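Here are some notes for your read-through. Please keep the model open beside them.

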Amino acid sequence: MSKENASSAPKKKEFFLLRWIRRAFFPNKELDIYAEEQLQSPFRVVVKNFFSMPIAVAALFIFICVALFVFIAPHYVTLDLGEQDSTLVSLAPGYDMMNYPRELVENGVADISVGPNYSIGVDQNGTVYVWGKSKVTKIIDIADIPDEIREAKIVQVAAGSDHAVALAEDGTIYCWGNKRLGQTDLPFELQANNRNHRLAILDIQASNQFSSALTEDGQLYLWGNTNFVDLDVRTQLQGHIKGVALTMNAFVVLLDDGSVQNAGYTASSTVTKVPENAQSDVVAIAGSTNSVAALKTDGSVVVWGATTKGENLVPTFDSPAVEIEGGRYHYVARLASGELVAWGGNRYKQCEVPEEAQECGVIRVFSGSFQNYALDSEGKLHAWGLKGFILGTDTLGRDVFARLVNGGKMTMTIGAVSVIIQMIIGVILGGLAGYFGGAVDMIIMRIAEVVSSMPFIPFAMILSAVLGTKVTIEQRMYIIMVILGVLSWPSLCRLVRAQMFAQREMEYVVAAKTLGVKESKIIFSQIIPNVMSVCLVSITLAFGTSMLTESTLSYLGFGVPLPTPTWGNMLTGANNSLIIQSYWWNWVFVGAIFGITCICINLIGDGLRDALDPKTSGR
């Protein structure tokens, strides 16, 4: 070998190594298009074609986000199937239920009263403020404060379920809001007092369609819906009343001898059955929805009534309680040390007192419904509890967001499982029919035609009527999945069969037969993987169809029954002209996410079809 050849050999080797590195890590962007096709697998070509379609990629991204949202969010958004609250019915979306006006704090807080989903406050100048969800009917809004109240100097306010009461400095009582059931019809004595101001009003309160006013000389006056609660006060107790506690449908009074008594003539409520330990040494009382708490002289608290949310589970106090306030299902006590203690129902965190409120020396507490306000010594206001609902509530007071999330999980699960069942049956039967042909093909295709001729929705409705209440909600859900899958496979079966007719004559199939490969392995290991890319389009579209079918069944009342949510039965619950016109959030959000999901699925299917079609590759 010459010296030139010997010296050039290392250079050629080095040149080859560099060329390999360049081709491996820095490929030529100008690679010939046919050479590129030879380097790429069919799967990579399909993926590249798909991701070159912006609309399909955007649809895939949105669908993945929706799927992750409905399957992950339920772990953090709790859903109580028994949840419903008459005071939270059809609330508009928003977190504004505790957004008190800045002017209230700047001018000094005189009083705050918390209603079912709104609050009323009055400052030291006598100006009244209303915030939260203050619309009690379609046309009545508590925030529409009458001019006479705006012109008066108000010192105390009370928020009822659908009305409000205000006490002026001169003793005049004002009422506004819903008037239909006598909520604003003052007794004759109070009407006379509004004219001559001879009564010194000590306290006013408002509850569910009835209100009360207590004078300094121990006289109690009640007015409102007499069909709902007995508003007659026993004559022998008048002049001895020092406090009153209103619940949703009853009231009790605190007498000057330190005892709590039923002031009415009936004792139909558990609240009016006062226990013995609350019949002496009581200094203050407060009411919740169906219970009453009594604060005793030693700082202890006694609770009785229908305590379904743990209102009677009074915690141990580090120091004596000096003030007690009641919400809908909870109580808040202010201790002599300045600490606040809350207990009872805590679904909306109304019992989780913020640390800043514990450290600033609270001098007064205002509680009601699911909200609490604490006024500290510096005049700062601290609030905690229910802020609102991001997507509002439905006609039963249920959180639309929680039901939307959990309902989406149910709907997409049904769609996914039914598609899996459909895919398994369709691919197996289609593969067998297309590969063997003849009698096998004829039998399978006749079965497919029989299944295709079954009207799905009437069949499901008949089955639902037959089963009735014999199955649980979970069993009904599984049945819907199976029915959707079992009755939807014929179209996929025909598609696989047609592809098998073409694939079984290919060289690789003939070679496999020549080598003695089992026919079952040829079908499911060699041919089926080659036709699955085409089947993906049908499977993708079937997923959206299954979701729509499930929702159709729920809409007709034959799907997953309430209270278990699905997107379909949520739309069913909004099938009302009043809801559609006035409470749009009950159907807009679920309809929007359902529509977006189905549109994205269809766009993904169209994108896959175009990616698999060589005519759309642009070459």
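1. Is Phe71 buried, partly exposed or exposed? Its relative accessibility is 32%. Buried would need under 20%, and exposed over 50%. Phe71 therefore counts as partly exposed. Keep in mind that this is a predicted model.

2. Phe71 belongs to helix 4, which covers residues 54-72. Phe71 also contributes to a nonpolar surface patch. The other members are Ile64, Leu68, Ile72 and Tyr76. The patch covers about 520 Å².

3. Now the sheet. Three strands form an open sheet in the order 1-2-3, and the pairing is antiparallel. Strand 1 (109-114) and strand 3 (128-132) are the edge strands. Each has a single partner strand, so one side of each lacks a neighbour in the sheet. On average, neighbouring strands are turned by 20 degrees against each other, direction ignored.

4. Strand 2 spans residues 118-123 and is joined to strand 3 by five bridges. These two strands run antiparallel. One pairing to check by eye: Tyr118 has Gly132 in strand 3 as its bridge partner.

5. On to the interior. The largest nonpolar core contains 49 residues. Met412 and Trp567 have the most contacts inside it. Several helices each supply at least two residues of this core, including helix 3 (42-51), helix 4, helix 9 (400-436) and helix 18 (588-612). Helix 15 gives the largest share, 11 residues.

6. Another core lies apart from that one and has 19 residues. Among them are Ile480, Ile483, Leu487 and Cys493.

Note on methods
Residues numbered from 1 in each chain as written. Predicted model: local features only at pLDDT ≥ 70, side-chain atom pairs only at ≥ 80, totals over all residues. Heavy atoms only, no water. Patch = residues over 30% accessible without salt bridge, like charges linked within 9 Å, V, L, I, M, F, W, Y side chains within 5 Å. Areas by Shrake-Rupley, 256 points an atom, 1.4 Å probe, with all protein chains shown as cover. Salt bridge = Lys/Arg side-chain N within 4 Å of Asp/Glu carboxyl O. Helix = DSSP H or I, 4+ residues; strand = E, 2+ residues; numbered from the N terminus. Buried < 20%, exposed > 50% of the residue type's maximum accessible area, 1.4 Å probe, protein only. Pairing = 2+ DSSP bridges. Axes fitted to C-alpha atoms, helices over the stretch in contact; angles between N-to-C directions. Core = buried A, V, L, I, M, F, W, Y, C linked by side-chain atoms within 4.5 Å.
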